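Let's take a walk through this structure together, one set of contacts after another. Keep the sequence and the 3D view open side by side as you read.

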Amino acid sequence: MPLHIEMLTDDDDEQKYAPICEDYWRQDEQGNFALKITDIANSYGMKPQSVSQFVAQRAAVWLDELLCSECKQPFHFSTRSEYQEKQKILNRACAPCLKTIKKTIENENNCLKLEFNEVAKNENLNLENIDLKSRVYLLSALQALGNESLTSIGPLNKYPTCTLSPDPTYDKNILYYLIDRNILQARLGVHPYTVLPNENLHSGIDIGRTAIALGFENEQISLFLTNFCDDAKMGRLKASNEFIDLCMEIQMHECISFLDQALADHQIFSDQGDKTKLVFSQCLSRFSVAQTYSFIWSGVEDAAAFYNRYPIDMSEAANASIIYISRYMERALVHGWEIKPYRRPHNLPQSCLSRIVFNTILGTNDGGFNHPLYQLIEPSDLETV
C-alpha cells in the first residue's frame with residue numbers, strides 16, 4: 001500500500017522541509033520505515049524527540065485503501081504512531097463525519113425521550129403493574145448496574161462477566177426487554193465506530209458502552225424496591241408459570257455460558273442454537289446445573305479429541321459436543337448413575353439475577369445451580385409448563 005505525502009506548508013517552505021518529511025515517511029519493500037528517527041535527526045541537525053512533531057506540522061500522508069466510512073475521503077496520518085495503528089480506524093467515520101453523526105444521534109435521542117414520555121403518559125405506566133419478568137429483570141439491573149442515585153443503568157462493559165446474568169448475550173436481552181417495555185429509556189450510543197441505526201432500534205443502542213436512563217422517578221423506584229419482597233406478592237410470584245419459565249431460562253443460560261467457556265478452553269469457537277437449548281432443557285428436567293456441567297465438560301472433551309483426530313471444522317466439533325452431552329445424559333438415566341456435581345467455577349460466579357430468583361425469592365443457597373428445578377418447585381407446577 002503506497003503512501004501519498006501531502007505538504008502542509010507554503011511553496012517556499014515545501015522545498016526546504018520536503019526532504020525531512022520524505023525521509024520520515026520513506027518505507028522499504030516490506031512496508032517498514034526505512035530510516036530510524038535518530039538517523040533522520042542526525043542527518044538534519046535535529047533533536048530526535050522533535051522530529052515527529054516537526055513533520056506532523058508540515059506534512060500528512062494517506063492511503064488510497066483507507067477511507068472514511070461516510071464521506072469516502074482518505075484518512076490523513078500526521079505521525080508514524082498514528083499510521084501504525086491504522087487498523088483501528090477501519091470502517092470508521094472521520095472526525096467531521098463523526099461530528100455530524102453525533103449531532104444526528106443527539107436529535108434522535110431527544111425524539112426517543114419525547115416519545116418515551118408520551119407513551120408513559122398515555123399508558124399510565126406504573127412499576128406496580130409491570131409483568132413479573134420485568135419486575136425481576138429491573139430489580140436485578142438496579143442491584144447489579146444501577147448508579148447510586150438510581151437514575152441510570154450500565155454501561156455493561158464496565159462490569160465483569162456474570163454481574164447481571166450468567167451470559168453476556170442474556171445481559172443485553174434483559175436490558176432490551178426493559179427498553180422495549182418503556183421501563184428503561186433507550187439512548188443511541190456514540191463512539192468512534194458509530195453508525196446510524198436502521199429500522200431496528202437495537203442496532204443503534206450502544207448498550208455495552210452507554211448508561212441507560214430509568215424511566216421512572218426516584219420515589220417510584222424506591223417504593224418498588226421496598227415492596228418487592230412483600231409476602232403476598234412473593235407468594236403469587238412463585239406460583240406462576242411465568243416464574244417457572246424464568247427459573248428455567250436462568251439455568252439454561254448458566255449451561256450455555258459454561259459450554260462456551262469449555263469449548264473456548266479446547267480452542268473450539270461456535271455459536272449455540274436451538275438444538276443446544278433442547279438438549280440442556282432435557283438435562284435440566286432431571287439434573288441440576290452443577291451435574292449438567294459434568295455432562296458438558298465430558299462431552300466437550302470427547303468432541304475436542306474427535307476434532308483433533310479428524311478433518312472437521314469448528315461448527316461440526318461444537319455440534320459433536322452436543323451429541324456427546326446428550327449421550328452422557330441418556331446413559332446416566334438408563335444406568336441410574338450418581339452424577340458428581342461440579343463446583344461453580346470462579347470465573348462464572350453466581351449472577352445478581354440468579355441470586356434474586358433462587359436466593360431471595362426461593363430461599364435457597366444458590367439453589368438454581370446446586371439443585372434440579374423439580375426440587376425447588378412443586379412437580380405439579382412443572383408439569384403445567
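F258 is buried, and so is Y293. In this predicted model, the centres of their two rings are 3.9 Å apart and the planes meet at 10°, so F258 and Y293 form a stacked pair. An angle under 30 degrees is what counts as stacked. Because F258 belongs to helix α10 and Y293 to helix α12, the pair ties together parts of the chain that are 35 residues apart in sequence.

The stacked pair has company, as the structure holds 15 aromatic pairs. For another geometry, turn to F33 and Y83: their ring centres are 5.8 Å apart and their planes stand at 65°, so this pair is edge-to-face. F33 sits in the loop between α1 (11–25) and α2 (37–44), while Y83 is in helix α4 (residues 80–84), so the contact ties together parts that are 50 residues apart in sequence. Both rings belong to buried residues: F33 has a relative accessibility of 18%, and Y83 has a relative accessible area of 7%. F33 and Y83 are also members of a cluster, in which ring pairs link them with Y24, W25 and F77.

Now for the charged side chains. How many salt bridges does the structure hold? There are five. One of them joins helix α10, where we began, to another helix: the side chains of K133 and E249 meet at 3.2 Å, N to O. K133 lies in helix α6 (residues 132–145) and E249 in helix α10 (residues 241–265), so this salt bridge ties together parts that are 116 residues apart in sequence. The two partners fall into separate accessibility classes: K133 counts as buried, at 17%, whereas E249 is partly exposed, at 21%. The cut-off for buried is under 20%.

Helix α10 also provides E254, whose side chain meets that of R344 in a salt bridge of 3.2 Å, N to O. This pair links distant parts of the chain, with E254 in helix α10 and R344 in the loop between α13 (314–335) and α14 (352–361), 90 residues apart. E254 counts as buried, at 4% relative accessibility. The story continues with a third residue, since E254, R344 and D366 are linked in a network of salt bridges. You will find D366 in the loop between α14 and α15 (367–370), and at 9% relative accessibility D366 counts as buried too. The side chains of D366 and R344 are joined by a polar contact of 2.9 Å. Leaving aside neighbours within four places in sequence, D366 is in contact with R344, Q350, S354 and N359.

Another salt bridge brings together the side chains of R26 and D23, at 2.6 Å, N to O. Here R26 is partly exposed, with a relative accessible area of 38%, while D23 is buried, at 11%.

Next, look at helix α13. Its 22 residues reach 31 Å from the first C-alpha to the last, close to the 32 Å expected at 1.5 Å a residue. Which residues of α13 are buried? They are A317, A318, A320, S321, I322, I325, S326, M329 and A332. What covers these buried residues includes α10, α11 (274–284) and α12 (289–309). After α13 comes G336, with a positive phi near 65°.

Finally, what about the cysteines? A search of the whole structure finds zero disulfides. C255 shows why a pair can fail to qualify: its sulfur is 7.3 Å from the closest cysteine sulfur, in C283, too far for a bond. The cut-off for a disulfide is 2.5 Å between the sulfur atoms. C255 counts as buried, at 0% relative accessibility, and C21 likewise counts as buried, at 0%.

Note on methods: Residues are numbered from 1 along each chain as its sequence is written. This is a predicted model: local features need pLDDT of at least 70, side-chain atom pairs count only at pLDDT 80 or more; totals for chains, interfaces and linings use all residues. Side-chain values use heavy atoms; hydrogens and water are left out. A salt bridge is a side-chain nitrogen of Lys or Arg within 4 Å of a carboxyl oxygen of Asp or Glu. Buried means under 20% relative accessible area, exposed over 50%, partly exposed in between (1.4 Å probe, protein chains only). Helices (H or I, at least four residues) and strands (E, at least two) are DSSP runs, numbered from the N terminus. The expected span of a helix is 1.5 Å times one less than its number of residues. Contact means heavy atoms within 4.5 Å. A polar contact is a pair of N or O atoms within 3.5 Å; within protein, one must be able to donate a hydrogen and the other to accept it, and residues adjacent in sequence count only if both atoms are side-chain atoms. Rings of Phe, Tyr and Trp (its six-membered ring) pair if their centres lie within 6.5 Å; planes under 30 degrees apart count as stacked, over 60 as edge-to-face and the rest as tilted.
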